[in-house]
Amino acid sequence: MATIIDRRMFAKGFAATAVATGAIALAGCSGEEAPAGSGAASGTSYKIGVLQLTEHSALDAANAGFVKALDDSGITYEIEQQNAQNDQSACQTIAQTLVNDGCDLILAIATPAAQAVAGATSDIPIIGTAITDFAASDLVADNDAPGGNLTGTSDMNPVADQIDLLQKLVPEAKTVGLLYCTAESNSDIQIAMAKEELEAIGLTGVEFTVSSSNEIQSVVESMVGQVDAIYTPTDNTIAAAMTQVASIANEAKVPTICGEVGMVEAGGLASVSINYEELGYRAGEMAVEILTEGSDPAEMPVETMSAAECDLVFNQVTADEIGVDVSALVDEGGEDVSAA
C-alpha cells in the first residue's frame, strides 16, 4: 500500500496525488466496489463518503491522512471523494447524495461541509476534521460528549502562540490587520481569540473581512498603509487564495502570520501550525474504531492537538523579500518551507 507522508505533495491536490500513487480507488458509495486496504478479517467492505469543502493544502493533507489511516488499519473499503469548491449549496447537494448512497460513514472536511452532512443525516456516523470548535459551530452538544452521530478532530489553533510569534518577528508592530471570511464560523472563533491576545500585549487588532474570494484583492490592498502586520487564521477562503494575499502584502513589506503551514508555503511569513496530515490520520483512526468496533460517536470526545504537537514554520524567501529577520526561528528548530 502506498504511503503518503510529505505534505508538499498535497499542494498539488489530493486527487492528483491519489491518481499518481494508486493509493485509493475513487468509487461512488452505491457503485461497483473498489476496495482499498488489505481487508478486515471479517471480510466486510465499508462504504465511505468524503465531502471536502474546497481544495487547498491543509484540507488536502487532512484528506490524505484520513485515507492513510484507513489503509494502515487493513480494512477493505470503497470511497467516494467529493469537493464542493467552497460552495455551500454544493455542500448540501453532495451531503444528501452521500446519504442517499447508503454510506456506512461520512468524513466531512471543514466546518461548512460538516454542517451540511449533519443536516442531511442523524443516523449515519459522521467524522469531521479541520473544524475549529465543534460545539461552537453547533455540530455537537459538547466537545467532550458529542451526544449525536458526529465527532472528529479539531484544528483549534494555538492562537496565543501565533500572536507571540507575530510580536517576536515584528516587535515594532502596533496595529495588526485581522483578515478572514465572515462566512466561516471557525474564523470568527479564532479572530475573537486573536483580538483578546493582541489586547493583552497592548496591540490593536483591526478586522478586515471578505464574504467571498472575489473581495480578497481589494480588501488586502486596503490594508496596506493601515496595518503593521497581518494575522489570518485557518480560514478556508483566505487559505485558498493565499498566493494572492501574499503577493500584495509582501510587495508592500507587510508581514503575514498565518494559521497553518500551507499558507506559509504560499508566501506567508510564518506560523505555529497544526499538522493537518496527522489531524486527518487521527480522524481516520476514529472512523475505523466506529466501523470495526461499533464505537458510538456520541460518546467519543472531539480530539485536539496541543501546541507542543504543532510545527514552527517560516518562509525564508518571504522574509528576505520583506526584510524580516527569522534567524531566531532557525535557532528554535523552525522549518523553512519556502521550497515546498
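**Exercise 1. Find the backbone partners of the N149 side chain, then describe its surroundings.**

*Solution.* Start with the backbone oxygen of T121, which lies 3.2 Å from a polar atom of the N149 side chain. Next, go to I124: its backbone oxygen is 2.8 Å from a polar atom of that side chain. Before going on, please note that this is a predicted model, in which local features need pLDDT of at least 70 and side-chain atom pairs count only at pLDDT 80 or more, while totals for chains, interfaces and linings use all residues. Residues are numbered from 1 along each chain as its sequence is written, and side-chain values use heavy atoms, with hydrogens and water left out.

Now place N149 in the fold: it sits in the loop between β4 (126-131) and β5 (150-154). Strands here are DSSP runs of E, at least two residues long, and helices are runs of H or I of at least four, numbered from the N terminus. Then list the contacts (heavy atoms within 4.5 Å). Leaving out residues up to four places away in sequence, N149 touches T121, S122, D123, I124, P125, I126 and P297. One of these, P125, is 24 residues away in sequence, yet the C-alpha atoms are 5.0 Å apart.

**Exercise 2. Decide whether R282 is buried or exposed, and name its side-chain partner.**

*Solution.* First locate R282 in helix α11 (residues 276-293). Its relative accessibility is 16%, so R282 counts as buried; the cut-offs are under 20% for buried, over 50% for exposed and partly exposed in between, with a 1.4 Å probe and protein chains only. The partner is E278, whose side chain makes a polar contact with that of R282 at 2.8 Å. A polar contact is a pair of N or O atoms within 3.5 Å; within protein, one must be able to donate a hydrogen and the other to accept it, and residues adjacent in sequence count only if both atoms are side-chain atoms. Finally, not counting residues up to four places away in sequence, R282 touches T153, E303, T304, M305 and E309.

**Exercise 3. Put both residues into the context of the whole chain.**

*Solution.* Begin with the elements: the chain has 13 helices and 12 strands. Of its 340 residues, 56% count as buried. N149 belongs to the buried class too, with a relative accessible area of 15%. To finish, look at contacts with a separation of 6 or more: residues 24 or more positions apart account for 72% of them.
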